Amino acid sequence: QVQLVESGGGLVQPGGSLRLSCVASGFDFNNYAMFWVRQGRGLGREWVSAINSDGAGTYTAPSVQGRFTISRDNAKNTLYLQMNSLTAEDTAVYYCAKGKTNNYNVGNDYLGQGTQVTVSS
């Protein structure tokens, strides 16, 4: 079955950086787009970033544009999210999600358990 295991979350001060990782198993990682989705307390889920299966196409939400970078290592079945210049508004549970196809425009289906990111002084 599909398994997505996130890591790398934690408490960081405003202006700091974190790198999230997601190790995928149970499906052919090379053939699927991948996503980072977040949900802050009392808020709905937000697409943070997405990447096509070959890494050639990406999407980044305007709220994190220029600060967050998505990448993937298909040889390691691993998805990454480099987060820089973090603010309190970035505080949320961050989920890794599997795409429905190789193209992120089609959306996602499975989500991992999530990793908490808290930005606070």
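This passage walks through the strands, the disulfide, the nonpolar cores and the salt bridges of the structure above. The model is a predicted one.

Start with the strands. Strands of a sheet pair through backbone hydrogen bonds, either parallel or antiparallel. Here, four strands make up an open sheet in the order S1-S3-S8-S7, and the pairing is antiparallel. Strand S1 (3-7) and strand S7 (68-73) sit at the edges, each pairing on one side only. From one strand to the next, the twist averages 15°. S1 and strand S3 (residues 18-25) run antiparallel and are joined by five bridges. Within that pairing, Ser-7 stands opposite Ser-21 in S3.

Elsewhere, strand S4 (residues 34-39) and strand S5 (residues 45-51) run antiparallel, with six bridges joining them. Met-34 faces this partner strand, standing opposite Ile-51 in S5. The hairpin of S4 and S5 has five residues between the strands, and Gly-42 in this hairpin takes a positive phi near 75°. S5 also pairs with strand S6 (residues 58-60), in the antiparallel sense and over three bridges. Ile-51 turns up again here, now opposite Thr-58 in S6. The S5 and S6 hairpin has six residues between the strands, and there Gly-55 takes a positive phi near 80°.

Thr-60 is also part of strand S6. What does Thr-60 contact, leaving aside its neighbours within four places in sequence? The list is Val-48, Ser-49, Gln-65 and Phe-68. With a relative accessibility of 17%, Thr-60 counts as buried, because the cut-off for buried is under 20%.

Next comes the disulfide. A search of the whole structure turns up one. Cys-22 and Cys-96 form it, with their sulfur atoms 2.1 Å apart. Cys-22 lies in strand S3 and Cys-96 in strand S9 (residues 92-99), so the link ties together parts that are 74 residues apart in sequence. The torsion about the S-S bond is about -70°, so this disulfide is left-handed. As for the solvent, Cys-22 is buried at a relative accessible area of 0%, and Cys-96 counts as buried at 0% relative accessibility.

Then there is the nonpolar packing. The largest nonpolar core has 25 residues, and the members touching the most others are Met-34, Trp-36, Phe-68, Leu-79, Leu-81, Met-83 and Tyr-94. At least two residues of this core come from each of S3, S4, S5, S7, strand S8 (78-83), S9 and strand S11 (115-119). Which strand gives the most to this core? That is S3, with four residues. Separate from this is a second core of six residues, including Phe-35, Ala-50, Ala-97 and Tyr-104. Phe-68, one of the well-connected residues of the largest core, is also among the contacts of Thr-60.

Finally, the charged side chains. Four salt bridges come out of a search of the whole structure. In one of them, the side chains of Arg-38 and Asp-90 meet at 3.0 Å, N to O. Arg-38 lies in strand S4 and Asp-90 in the loop between S8 and S9, so this pair ties together parts that are 52 residues apart in sequence. Is Arg-38 buried or exposed? Arg-38 is buried, at a relative accessible area of 6%, and Asp-90 counts as buried at 1% relative accessibility.

Asp-90 has another partner: its side chain meets that of Arg-67 in a salt bridge of 2.7 Å, N to O. Arg-67 lies in the loop between S6 and S7 and Asp-90 in the loop between S8 and S9, so parts that are 23 residues apart in sequence are tied together. Arg-67 is buried, with a relative accessible area of 17%. Put together, Arg-38, Glu-46, Arg-67 and Asp-90 are linked in a network of salt bridges.

A further salt bridge joins Asp-109 to Lys-98, with the closest N and O atoms 3.2 Å apart. This pair links distant parts of the chain, eleven residues apart, with Asp-109 in strand S10 (residues 108-111) and Lys-98 in strand S9. Lys-98 is buried, at a relative accessible area of 5%, whereas Asp-109 is partly exposed, at 34%.

Notes:
Residues numbered from 1 in each chain as written. Predicted model: local features only at pLDDT ≥ 70, side-chain atom pairs only at ≥ 80, totals over all residues. Heavy atoms only, no water. Pairing = 2+ DSSP bridges. Axes fitted to C-alpha atoms, helices over the stretch in contact; angles between N-to-C directions. Disulfide = S-S within 2.5 Å. Buried < 20%, exposed > 50% of the residue type's maximum accessible area, 1.4 Å probe, protein only. Contact = heavy atoms within 4.5 Å. Core = buried A, V, L, I, M, F, W, Y, C linked by side-chain atoms within 4.5 Å.
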